[in-house]
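Student: Could you take me through one part of this model closely, beginning with what a burial label rests on and then moving to how the helices are arranged?

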Amino acid sequence: MKCMIKRVAALLLGLSLGLGLTGAAQAQLSDAQAEQLMKLSGQWEQLASVATQMRDGLLQGMTAGEKPASAEVQQKVKAAAAVAFEVERVRVAARRAVAENTRVAYFPELMRWYESPVAKRISQAEVEDTARAEADIKARTQRGMALVQAASPQRQQLLVRLVEVTRAPRASADIVINMGTMLPLAMMRFDPTAKQLTEAELRAGLEEQRAQLIQAFETILLAGFAIAYQGLPDEALAAYANFMASAAGDHFTDIGEKAFEAAILAAITALKP
C-alpha cells in the first residue's frame, strides 16, 4: 500500500484532511495514539527509509542531466538536505497529520486490524520492501509483472483489487505532482541563476501529465505489490483488500497520503541555504 507510493515518489524526486469530523470542538487522536498507530502500520519505520531515500535521490538528481548543478550549489544543497531530511522532522510532521485528521471513531477498528497477526505480516512486508530501495523502477516493474503473469488467476485478481481499493495510482500521481511542484521552488533558493518559475506554472505542466502518470502507476504499482507481498498467502491479501475497502481502511488510506505529504512538505520547507 503506502510503501509503494512512498517508493515511487522518493525515486522520482531524484529525477525531477479535510476528512476529519467537522465542528468547532473536533476531537482528534493524541500524539501517543497517532504514533502507536503509525508504528503498528509500519509508517513510522518506513519514514526513516524514505527520508534517507529522498535525500539521496535529491543529491543524485543534481548531478544528472545535461546541465548538472554547479559544485557550489551541490555542496550547499548537500549541507541543507542533511538537516532538512532528518528522520525526526518528517516523523513529527507525519504524526501531527495522523493525529489531527484520523477520525477518533475509527481508532478502535484501526487498532484491531493493525494488531492482528495478518496485518503485522503485511506491515512487515511493506517495511522490508521500502527499505530495499530499488533504484531501477523499470527493472523492478518488469520483475514484478513477471510475478503477476506467473501467478494464479485468483492471485492476479487480488493484486488488481489491492491497487483499486488503495487508490494507489491516483495517490501516487498526486504526490509526484505535488513534489514536482514544491522541489523546484525550493531548489531555486540555492541557485539565483536558475530559471525562475512560479508554482502555478510548475503545477500546470505536471497536471497535463496526470492521466499518463495514473496509467503508468497502474502497472508500476501492480508489479510492486506483486513483489512486496510475494511471501504472503492469498488469504492475507484477501483480508487486506477487505479491510482497505472498509470505511475505516478507506479513511486511513487518505490519512496515510496526508501524513506522507506533510512529512515531505516539512522537509522541503526546511530545505534552505
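Tutor: A residue is called buried when its relative accessible area is under 20%, and exposed when that area is over 50%. The model here is a predicted one, and Ala99, which lies in helix H5 (residues 87-101), is a suitable place to apply the cut-off. Ala99 has a relative accessibility of 1%, and therefore counts as buried. Leaving aside residues up to four places away in sequence, Ala99 touches Gln28, Leu29, Ser30, Asp31 and Ala34. Trp113, by comparison, stands 14 residues from Ala99 in sequence and 18 Å from it in space, taken C-alpha to C-alpha.

The burial label can be carried over to helix H7 (residues 117-132), whose 16 residues reach 23 Å from the first C-alpha to the last, close to the 22 Å expected at 1.5 Å a residue. Within H7, the buried residues are Ala119, Ile122, Ser123, Ala125, Glu126, Val127, Asp129 and Thr130. After H7 comes Ala133, which has a positive phi near 50°.

Two other helices can be described through their packing: H10 (residues 168-187) and H11 (residues 199-207) pack at an angle of about 145°, and their axes are 9 Å apart. The crossing in which H10 passes H11 is right-handed. On the H10 side, Val176, Ile177, Asn178, Gly180, Thr181, Pro184 and Leu185 take part, and they meet Glu199, Leu202, Arg203, Leu206 and Glu207 of H11. Sorted by class, this contact of H10 with H11 holds 6 nonpolar, 3 polar and 3 charged residues.

Definitions and conventions: Residues numbered from 1 in each chain as written. Predicted model: local features only at pLDDT ≥ 70, side-chain atom pairs only at ≥ 80, totals over all residues. Heavy atoms only, no water. Axes fitted to C-alpha atoms, helices over the stretch in contact; angles between N-to-C directions. Helix = DSSP H or I, 4+ residues; strand = E, 2+ residues; numbered from the N terminus. Left-handed = near helix turned anticlockwise from the far one by under 90°. Contact = heavy atoms within 4.5 Å. Nonpolar A, V, L, I, M, F, W, Y, C, P; charged D, E, K, R; others polar. Buried < 20%, exposed > 50% of the residue type's maximum accessible area, 1.4 Å probe, protein only. Expected span 1.5 Å × (residues − 1).
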